[in-house]
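Good morning, and thank you for the time. I should like to take you through one structure, element by element, and I ask you to keep the display in view as I speak.

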Amino acid sequence: MKFTINRNMFLENLNNAMRAISSRTPLPILNGIKLNLTSEGLVLTGSDTNVSIEITIPANEDLQIDTVGAIILPARFFSEIVKKLPGKEFTLEVQDGLQTKITSENTEFVINGLDASAYPTLPEIPEDNSFEISGKLLRNVINETVFAVASQENRPTLNGVNFTFKDNKIKAVATDSHRLSQREVALKDDSQVDATLLIPGTSLVELARIIGENNPQVQVTPGDNQVLFTVGNLSFYTRLLEGSYPDTDRLIPTNSTTSVEFDLSELAKSLERASLLTHESRNNVVKMSLDVDNQSVKLQGDSPEIGNVEEELSFKNLQGDNLEISFNPDYLRDALRASITEGVVMNFTQPLRPFTIIPDKEEVSFVQLITPVRTY
């Protein structure tokens with residue numbers, strides 16, 4: 001096995017493939033990156049059993065193929081070597097046994113590889129039900145929901161975002177039982193997609209990074225317990241979570257007794273000021289007081305060790321009943337960061353019942369829910 005390749009181009013693809021490699025992998029061989037060279041090109045594969053990434057680099061002026069073959073190289077060392085090579089290109093050659101020589105200009109490394117046949121095979125997913133979606137749209141929906149997935153493993157289904165593709169729209173829901181984020185977006189009119197995918201949040205974070213800002217088209221291929229996302233020359237496999245996702249629709253209030261509309265930027269700044277002190281407190285709670293009679297909204301936070309803060313908030317509209325409610329400011333902060341309109345509406349029912357944050361534009365279907373904190 002021998003080839004010569006443009007170093008920067010190779011390094012970009014190598015870094016993407018290494019996103020699937022974890023230091024906590026149960027199989028030592030998965031600490032390596034698999035290189036498979038055929039007459040058509042070079043395929044890089046990284047995996048941690050939950051996520052697998054396969055990247056194909058076609059034979060062209062940036063990749064000259066001498067002899068074909070396959071090898072597994074220690075991913076971390078190999079990546080560091082390639083980063084520090086002096087030239088614009090390098091040559092990799094597998095010599096006697098599994099020793100691999102890497103040369104660039106006057107620099108030569110020799111590292112030990114592993115037999116590629118020992119590497120786990122990737123799942124074969126039929127393309128019968130595959131469909132395409134805008135990369136920008138998918139990345140936005142991920143970013144608008146994934147922050148609300150659970151981090152504990154006692155309820156595995158809550159560790160992912162539940163995607164429903166149906167009736168020419170996407171519905172994505174994430175919850176950790178303390179908060180919820182639900183986003184609905186229309187697909188193209190000609191999209192005839194019917195699929196439900198419960199995808200781990202950790203996988204979605206990596207997928208969003210890979211999609212990036214280039215707005216590519218993404219091909220989605222659902223399987224029985226895996227789903228494949230194809231982005232250009234990159235194939236991203238992730239396992240699906242098992243189990244039924246809870247019926248979250250029943251958690252979202254259909255009416256409210258108190259409603260207030262804020263400028264998103266102004267509310268976010270006020271919340272940051274209030275949480276400066278609450279973060280020093282063991283409880284980390286802020287209290288919002290809504291006085292409809294006097295048309296005022298106040299935000300209060302305190303830390304027994306440091307002091308307290310109180311701020312009167314500016315708002316656009318306040319109506320309903322007077323209300324005092326306490327909540328974790330970090331949950332509201334995350335909700336505001338995910339919001340996509342310049343204004344938000346907060347709807348309340350009772351001091352100990354979940355409240356919602358929705359856009360100030362009715363045509364945007366995006367609802368976030370936060371459970372308040374009992375302070376007495």
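**Helices, sheets and cores**

Just after helix α4, residue G212 adopts a positive phi of about 60°. Please bear in mind throughout that this is a predicted model.

Let me stay with the helix that precedes this glycine. Helix α4 spans residues 201-211 and is mostly covered, with 8 of its 11 residues buried. The buried positions are G201, S203, L204, E206, L207, A208, I210 and I211. I would draw your attention to E206, which is listed among the buried residues of α4.

What does α4 pack against? One partner is helix α3: the two helices pack at an angle of about 145°, and their axes lie 9 Å apart. The crossing of α3 past α4 is left-handed. On the α3 side, the residues that meet α4 are G135, L138, R139, I142 and N143, and on the α4 side they are L204, L207, A208 and I211. By character, the residues of this contact comprise 6 nonpolar, 2 polar and 1 charged. The four α4 residues of the contact, L204, L207, A208 and I211, also appear among the buried residues of that helix.

I now turn to the sheet on which these helices rest. It is an open sheet of 9 strands, in the order β14-β11-β12-β13-β26-β25-β24-β18-β22, with antiparallel pairing. Its edge strands are β14, residues 195-200, and β22, residues 317-320, each of which pairs on one side only. Neighbouring strands are turned by 15° against each other on average, direction ignored.

At the β14 end, 6 bridges join this strand to β11, residues 160-166, and the two run antiparallel. Within that pair, F163 stands opposite L197 in β14. Helix α3, residues 135-145, packs on the sheet and touches β11, β12, β13 and β26, its direction making about 160° with that of β13. Helix α4 packs on the sheet as well, touching β11 and β14, and its direction makes about 90° with that of β14.

There is also an open sheet of 4 strands, with antiparallel pairing and the order β21-β20-β19-β23. Here the edge strands are β21, residues 307-313, and β23, residues 323-327, each pairing on one side only. Strand β19, residues 286-291, pairs with β23 in the antiparallel sense over 5 bridges. In this pair, K287 stands opposite S326.

Towards the start of the chain, strand β1, residues 2-6, has two antiparallel partners to mention. With β7, residues 89-94, β1 is joined by 5 bridges, and N6 stands opposite E89. With β5, residues 63-67, β1 pairs over 4 bridges, and I5 stands opposite L63.

Finally, the interior. In soluble globular proteins, nonpolar side chains tend to be buried together. The largest nonpolar core in this model has 66 residues, and those with the most contacts inside it are F10, L35, L42, F78, L92, F163 and F165. F163 is thus the β11 residue we met opposite L197.

Which residues does F78 contact, leaving aside its neighbours within four places in sequence? They are F10, L14, I33, L35, L73, L92, I102 and I111. A second, separate core has 27 residues, including L271, A335, F355 and I370.

Methods: Residues numbered from 1 in each chain as written. Predicted model: local features only at pLDDT ≥ 70, side-chain atom pairs only at ≥ 80, totals over all residues. Heavy atoms only, no water. Buried < 20%, exposed > 50% of the residue type's maximum accessible area, 1.4 Å probe, protein only. Pairing = 2+ DSSP bridges. Axes fitted to C-alpha atoms, helices over the stretch in contact; angles between N-to-C directions. Contact = heavy atoms within 4.5 Å. Left-handed = near helix turned anticlockwise from the far one by under 90°. Nonpolar A, V, L, I, M, F, W, Y, C, P; charged D, E, K, R; others polar. Core = buried A, V, L, I, M, F, W, Y, C linked by side-chain atoms within 4.5 Å.
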